[in-house]
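Here are a few exercises to help you find your way around a new structure. Try each task with the viewer open before you read the solution.

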Amino acid sequence: MIKDSVLIEGLTIITTIGVYDWEKTIKQKLVLDLEMQWDNKPAGLNDDVTFCLDYAKVTSAIENYVKNRQFGLIERVAEDVAQLIINDFFVPRVKIKVSKPSAIPSAKNVAVIIERQR
Ligand SMILES: Nc1nc2c(c(=O)[nH]1)N=C([C@H](O)[C@@H](O)CO)CN2
């Protein structure tokens, strides 16, 4: 059982997100927090980037995917990003929090959290 992970925290992406018509004509901020299960031992022992889950490459893939699409629910963003990480980066398990901090003026934040595995 692998207990190691790679994190990406506070990843801010501006995109088209929301269920209402007025939201489909504007861009809003999402913030993603990710915990990706990964065995960090080979990378650590060899000090070799080829063994690691490269958080820079994962970040670029997520940014390119999310900012160039239109979504209704933040749940959909979470599901799509989970599948991208599992399928393209061979991550066995991922936990994702998607926040939409501007959604509810009287709330500091709203978010969903999902966990998915290959
Ligand atoms: N669980 C969710 N509830 C709501 C969402 C959502 O994405 N997930 N979205 C909206 C609207 O788009 C809202 O953000 C507009 O302020 C409402 N509820």
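## Exercise 1: pairing in the sheet

**Task.** Find the residue in S2 that is the bridge partner of Ile14, then work out how the strands of the sheet are arranged.

**Solution.**
- Step 1. Ile14 has Lys29 as its bridge partner, and Lys29 belongs to S2.
- Step 2. Now widen the view to the two strands: S1 and S2 are joined by nine bridges and pair in the antiparallel sense.
- Step 3. Move on to S4. It runs antiparallel to S2, with six bridges joining them. Two pairs to look for are Glu35 opposite Lys95 in S4, and Val31, whose bridge partner in S4 is Ser99.
- Step 4. Strand S4 (residues 93–99) also pairs with S5, in the antiparallel sense again, over seven bridges. Here you can spot Val98 standing opposite Val112 in S5.
- Step 5. Put it together: this is an open sheet of five strands, in the order S3-S1-S2-S4-S5, and the pairing is mixed. Strand S3 (70–71) and strand S5 (111–117) are the edge strands, as each pairs on one side only.

## Exercise 2: helices on the sheet

**Task.** Which strands does helix H2 touch, and which ones does helix H3 lie across?

**Solution.**
- Step 1. Pick out helix H2, residues 55–67, which packs on the sheet. Its contacts there are with strand S1 (5–17) and strand S2 (28–37).
- Step 2. Check the angle: the direction of H2 makes about 20° with that of S1.
- Step 3. Next take helix H3, residues 74–89. It lies across S1, S2, S3, S4 and S5, and runs at about 150° to S4.
- Step 4. For the full tally, the protein has three helices and five strands. Reading from the N terminus, you get β-β-α-α-β-α-β-β.

## Exercise 3: one residue up close

**Task.** Is Ile2 buried or exposed?

**Solution.**
- Step 1. Locate Ile2 in the segment before S1.
- Step 2. Count its surroundings: there are 11 C-beta neighbours inside 10 Å of Ile2. A residue is exposed if that count is 12 or fewer, so Ile2 counts as exposed.
- Step 3. Look for its contacts. Leaving aside neighbours within four places in sequence, Ile2 is in contact with Gln37 and Asp39.
- Step 4. Try a distance too: Ile2 and Thr50 are 48 residues apart in sequence, and their C-alpha atoms are 19 Å apart in space.
- Step 5. For the whole protein, buried residues make up 19% of the 118 residues.

## Exercise 4: around the ligand

**Task.** Which residues surround the ligand, and how many of the shell are charged?

**Solution.**
- Step 1. List the residues around the ligand: Gly18, Val19, Tyr20, Glu23, Leu73, Ile74, Glu75, Lys100 and Ala103.
- Step 2. Sort the shell by type, and you get three charged residues, five nonpolar and one polar.

## Exercise 5: confidence and overall size

**Task.** What is the mean pLDDT of the protein, and what box do its C-alpha atoms fill?

**Solution.**
- Step 1. Keep in mind that this is a predicted model. Its mean pLDDT is 98, with 100% of the residues at 70 or more.
- Step 2. Add the model's other scores, ipTM 0.97 and pTM 0.97.
- Step 3. Along the principal axes, the C-alpha atoms fill a box of roughly 50 × 25 × 20 Å.
- Step 4. Finish with the contacts between residues at least 6 apart in sequence: 60% of them join residues at least 24 apart.

Methods. Residues numbered from 1 in each chain as written. Predicted model: local features only at pLDDT ≥ 70, side-chain atom pairs only at ≥ 80, totals over all residues. pLDDT = per-residue confidence, 0-100. Near = placed C-beta within 6 Å. Nonpolar A, V, L, I, M, F, W, Y, C, P; charged D, E, K, R; others polar. Pairing = 2+ DSSP bridges. Helix = DSSP H or I, 4+ residues; strand = E, 2+ residues; numbered from the N terminus. Contact = placed C-beta atoms within 7 Å. Axes fitted to C-alpha atoms, helices over the stretch in contact; angles between N-to-C directions. Buried ≥ 20, exposed ≤ 12 C-beta atoms within 10 Å, placed from the backbone.
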